[in-house]
Amino acid sequence: MKSTLLIKNIHRLYGIAADKLPFKKGKDMAAVEIIENAYVLIEGDIIQAFGPMEQCPLSADKVIDAAGKCVLPAWCDSHTHIVFAEGREVEYVDKLMGKSYEEIAAKGGGIINSARKLRDLPEDVLFERALNRLNELIQSGTGAIEIKSGYGLSFESELKMLRVIKRLKDASEVTIKATFLGAHAIPPEYKDNRQGYMDLIIDQMLPQISEEGLADYCDVFCEQGFFTVEETDKILKAGAKYGLKAKIHANQLHISGGVQVGIANHAISVDHLEAIGEAEIEALQNSATIPTVLPSCSFFLNIPYAPARKMIEAGLGIAMATDFNPGSSPSGNIPLMMALACNNMRLLPVEVFNAVTINGAHAMEIGDSHGAIGVGRRANLIVTKAIPSLDYMVYAFGSRHIDQMILNGKVIG
Ligand code: NIG
Ligand code: FE
């Protein structure tokens with residue numbers, strides 16, 4: 001018999017799903033199923049039952065009294081780069097002192113800076129640092145996460161990053177998806193030989209990654225100065241040959257063609273979208289590719305926010321993620337992202353809730369097991385402190401509203 005955990009007297013239970021819960025789009029983004037005065041029963045790592053308190057079972061091996069508290073599905077953060085050597089706060093301060101992006105890059109800053117630091121770091125140290133970050137993210141409510149490589153930019157270092165992600169899967173209660181992002185930047189040694197780096201990715205990195213089963217997805221930074229639409233297309237097609245589905249960085253700084261090349265390659269998601277127009281919205285309307293917005297990147301870089309309101313009005317659904325990385329989003333705190341998105345994208349708390357739960361889960365292809373509270377789903381839950389509502393949680397930004405995390409049915413912290 002697996003042990004049972006009962007959460008009773010829940011003031012508000014958010015995000016319940018009677019059955020399969022599809023990706024939410026358009027007006028549905030503002031809908032959430034709630035039960036007031038509810039219970040959830042967990043057996044092992046699975047939700048066994050939920051409902052109003054009148055139907056609550058009498059006992060369980062362990063009982064949590066959640067009087068006055070809310071229970072929500074744990075966040076599903078579908079875009080991060082949490083495996084990195086160290087922060088780039090020196091660049092941040094340089095920027096605040098007026099240095100341009102070009103000056104910082106000329107000093108060896110940016111993605112290349114992170115790659116240089118990572119190459120020198122032993123795998124075990126990289127693993128410990130990433131695990132510490134992951135543990136911190138659990139404390140802010142994250143229960144499932146996608147993690148990218150892309151700060152290696154050499155055969156050994158990209159593989160090292162992906163092996164670290166594999167070790168994180170074994171070491172953590174967080175559900176993890178791994179993405180190969182060898183095409184994050186052209187490393188300096190290939191500056192005059194782009195084709196050489198393309199060949200390295202396609203002929204050497206991808207076969208080895210496939211051999212070791214190290215990645216679920218293949219990503220490319222499709223952007224001026226990084227990878228062209230043609231190069232993106234080639235890499236995504238090469239990844240597909242090894243069973244890696246596409247998930248790309250598209251339209252961050254320019255109208256790059258990234259959205260269209262992602263859709264053409266049946267990408268699970270196209271992420272960033274700060275620079276999109278009518279053509280991109282229309283292309284997304286006619287596809288199954290999930291648009292993913294990353295509000296903290298806009299906040300931190302002082303660039304425009306993705307037009308999420310407009311996208312939802314056009315009937316699209318969005319996922320939202322943190323993009324946690326040392327360069328453009330040195331935070332993986334989903335509650336903070338929710339506040340940023342509501343204020344700057346004019347989204348409602350319920351819309352950002354759906355964007356970081358069920359829609360984020362679908363952006364990692366785990367929408368049938370994560371991102372909602374339903375019978376047979378993974379017991380990954382947030383128990384808040386005593387707060388009136390989800391709206392309050394987003395409104396009272398900066399406070400810590402999470403009391404306990406439950407991952408795979410285990411109470412963490
Ligand atoms: O998703 N846009 C590309 N990659 C990261 C930033 C990388 C960095 O500056 O280290 C992002 O924003
Ligand atoms: Fe990113």
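Patches are made of residues with over 30% relative accessible area and no salt bridge, where like charges are joined within 9 Å and nonpolar side chains (Val, Leu, Ile, Met, Phe, Trp, Tyr) within 5 Å. A salt bridge is a side-chain nitrogen of Lys or Arg within 4 Å of a carboxyl oxygen of Asp or Glu. Accessible areas come from the Shrake-Rupley method with a 1.4 Å probe, and for residues only the protein chains shown count as cover.

The model is predicted: local features need pLDDT of at least 70, side-chain atom pairs count only at pLDDT 80 or more, and totals for chains, interfaces and linings use all residues. Residues are numbered from 1 along each chain as its sequence is written, chains are lettered from A and ligands numbered from 1 in the order in which they are written, and side-chain values use heavy atoms, with hydrogens and water left out.

**Exercise 1. The surface patch**

Task: find which residues make the nonpolar surface patch, and place V93.

Solution.
- Step one: list the members. Y92, V93, L96 and M97 make a patch of about 430 Å².
- Step two: place V93. This residue lies in helix α1, residues 89-96. Helices (H or I, at least four residues) and strands (E, at least two) are DSSP runs, numbered from the N terminus.
- Step three: check the exposure of V93. Buried means under 20% relative accessible area, exposed over 50%, and partly exposed in between (1.4 Å probe, protein chains only). V93 has 39%, so V93 is partly exposed.

**Exercise 2. Two domains and their cores**

Task: state which domains the chain has, and where the largest nonpolar core lies.

Solution.
- Step one: read the bounds, which come from an automatic or database domain assignment. Domain 1 is 4-73 + 371-412, and domain 2 is 75-362.
- Step two: look at how the domains sit. Their centres, taken over C-alpha atoms, are 29 Å apart. Contact means heavy atoms within 4.5 Å. By that rule, 33 residues of domain 1 are in contact with 32 residues of domain 2.
- Step three: find the core. A nonpolar core is a set of buried Ala, Val, Leu, Ile, Met, Phe, Trp, Tyr and Cys residues joined through side-chain atoms within 4.5 Å. The largest has 101 residues, and W75, L168 and M338 touch the most other members. Both domains give residues to this core, so it lies between them.
- Step four: note the second core. It is separate, has 18 residues, and includes I7, A66, A379 and I406.

**Exercise 3. Buried or exposed?**

Task: decide whether T232 and helix α13 are buried or exposed.

Solution.
- Step one: place T232. It is in helix α7, residues 229-241.
- Step two: read its accessibility. At 0% relative accessible area, T232 is buried.
- Step three: name its neighbours. Leaving out residues up to four places away in sequence, T232 touches V220, C222, F227, I248 and V261.
- Step four: turn to α13, residues 349-356. Eight of its eight residues are buried, so this helix is mostly covered. Among them are P349, E351 and N354.

**Exercise 4. Salt bridges**

Task: compare where three of the salt bridges sit.

Solution.
- Step one: count. The structure holds 20 salt bridges.
- Step two: take E146 and K148. Their side chains meet at 2.7 Å, N to O. E146 is buried, at 0% relative accessibility. K148 is buried too, at 0%.
- Step three: take D216 and K169. Their closest N and O atoms are 3.6 Å apart. The pair links distant parts of the chain, 47 residues apart: D216 is in the loop between α6 (194-212) and β9 (217-222), and K169 is in helix α5, residues 155-171. D216 is partly exposed at 25%, and K169 is partly exposed at 31%.
- Step four: take K237 and D233. Their closest N and O atoms are 2.7 Å apart. Both lie in helix α7, four residues apart, about one turn of the helix. K237 is partly exposed at 44%, and D233 is partly exposed at 25%.
- Step five: add the network. Salt bridges link E123, D124 and R167.

**Exercise 5. Positive phi**

Task: say where N9 and N408 lie, given that each has a positive phi.

Solution.
- Step one: recall the background. Most residues other than glycine have a negative phi.
- Step two: take N9. Its phi is about 60 degrees. N9 is in strand β1, residues 4-14, and is partly exposed at 26%.
- Step three: take N408. Its phi is about 50 degrees. N408 is in the loop between β15 (402-407) and β16 (410-412), and is buried at 13%.
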